[in-house]
Amino acid sequence: MSNRIAVITGASAGIGASTARALAKAGFDVILGARRLDRVTALADELSGTAHLLDVTDQESVASFAKQVPQCHVLVNNAGGARGLERVENADEQNWRWMWETNVLGTLRMTKALLPKLVESGDGHVLTVTSIAGHEVYDGGSGYTAAKHAQSALHRTLRSEHLGQPVRFTEIIPGMVETDFSLNRFAGDTERAEKVYQGLDPLTPDDVAEVIAFAATRPAHVNLDEIVLKPRAQYNGSRFHRE
């Protein structure tokens, strides 16, 4: 690999896959990680990149993945997700644990594993895909919003802790994006997932990926701390204009 190297987690579909394409188009060599190795390998082949099995909830998987990354200039912490939509009084602790393991500890593990290589590159950049749910709350979303608030806090702390070092930190804060997010949240209930987007024109994964690529290609002295993007029809995390 001779170009700058970008590592993308959760790269088998949705925002991760679109980000891989956008960064490859921008001239990066991409290293892709995901649990669905067949899908991420096919994408890597398409982009002349590299794919490795990665489960961000498993420390051994993260360590094995990081050993296969020779250099790292850009890390996109994209792996994450939600499970369930229960009120606090009906909270499912197993869902909470999965959301914290994936969104918060997954980001911690990946960032911790690759930070030395990012700093060593002389121009590192960590882009963490959080959510508007990391800055607001909504009924039924306490597990996910709590995890995303924590992920956002983790990312913003890194910005302070590494001030003066050659590494940048950008938080990408999307509103509603039409991906497999709702399908996964509702355990494969297609009808329930489709209702989330009815009457709306949500963001697409490509919309978010274009913003990530823009941030990743700014000059080394420019740090875009936070970028919030929402569909026009969305005001905050729970208020929408539906046709």
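**Charged pairs, helix α3 and selected buried sites**

The charged end of Arg239 sits over the ring of Tyr235, at 5.4 Å from its centre. A second such arrangement involves Arg218 and Phe214. Here the charged end of Arg218 lies over the ring of Phe214, 3.9 Å from the ring centre. The model is a predicted one. A pair of aromatic rings is described by the distance of the centres and the angle of the planes. In this model the count of aromatic pairs comes to zero.

Arg239 also appears in the surroundings of Gln234. Gln234 is placed in the segment after β7, a strand that spans 226-229. Is Gln234 buried or exposed? Its relative accessible area is 8%, so Gln234 is buried. Beyond the residues up to four places away in sequence, Gln234 touches Ile132, Gly175, Met176, Arg239 and Phe240. The side chain of Gln234 also has a polar partner. One of its polar atoms lies 2.8 Å from the backbone oxygen of Asn236.

Side chains of opposite charge can pair when their charged atoms come close. The structure holds seven salt bridges. One of them joins Arg4 to Asp123, with the closest N and O atoms 3.4 Å apart. Arg4 belongs to the segment before β1, and Asp123 to the loop between α4 and β5 (124-129), so this pair ties together parts that are 119 residues apart in sequence. The two partners differ in accessibility class: Arg4 is partly exposed at 26%, whereas Asp123 is buried at 19%. The value for Asp123 falls under the 20% cut-off, so the residue counts as buried.

Asp123 has another charged partner, Arg168. The closest N and O atoms of this salt bridge are 3.5 Å apart. Asp123 lies in the loop between α4 and β5 and Arg168 in strand β6 (residues 167-174), so the bridge ties together parts that are 45 residues apart in sequence. Both Asp123 and Arg168 are buried. Which residues make up the network that includes Asp123? Arg4, Asp123 and Arg168 are linked in a network of salt bridges.

A further salt bridge connects the side chains of Glu46 and Arg21, at 3.0 Å from N to O. Glu46 is part of helix α2 (residues 37-46) and Arg21 of helix α1 (residues 14-25), so the pair ties together parts that are 25 residues apart in sequence. Glu46 is partly exposed, with a relative accessible area of 48%. Arg21 is also partly exposed, at 38%.

Attention now turns to helix α3. Ser61, Val62, Phe65 and Ala66 are the buried residues of α3. Why do they fall on the same side of α3? They cover an arc of only 130° around the axis, and therefore lie on the same side of the helix. On the other side of α3, Glu60 and Lys67 are exposed. The cover over the buried residues of α3 includes strands β1 (5-9), β2 (29-34) and β3 (50-53), together with helix α4 (93-120). The N-terminal end of α3 is capped by Asp58. A side-chain oxygen of Asp58 lies 2.9 Å from the backbone nitrogen of Glu60.

Ala66 gives a closer view of the buried side. This residue lies in α3, which runs over residues 59-67. Its relative accessibility is 8%, so Ala66 counts as buried. Which residues does Ala66 contact, leaving aside neighbours within four places in sequence? They are Ala113, Leu114 and Lys117. From Ala66 to Val208 the C-alpha to C-alpha distance is 25 Å, and the two are 142 residues apart in sequence.

Thr145 is another buried site, in helix α5 (residues 142-161). Its relative accessible area is 4%. Residues up to four places away in sequence set aside, Thr145 touches Ala133, Glu136, Val137 and Tyr138.

Definitions and conventions. Residues numbered from 1 in each chain as written. Predicted model: local features only at pLDDT ≥ 70, side-chain atom pairs only at ≥ 80, totals over all residues. Heavy atoms only, no water. Helix = DSSP H or I, 4+ residues; strand = E, 2+ residues; numbered from the N terminus. Buried < 20%, exposed > 50% of the residue type's maximum accessible area, 1.4 Å probe, protein only. Polar contact = N/O pair within 3.5 Å; in protein donor to acceptor, adjacent residues only side chain to side chain. Contact = heavy atoms within 4.5 Å. Arc of directions from axis to C-beta. Phe/Tyr/Trp six-rings, centres within 6.5 Å; stacked < 30°, edge-to-face > 60°. Lys NZ or Arg CZ within 6 Å of the ring centre and 35° of its normal. Salt bridge = Lys/Arg side-chain N within 4 Å of Asp/Glu carboxyl O.
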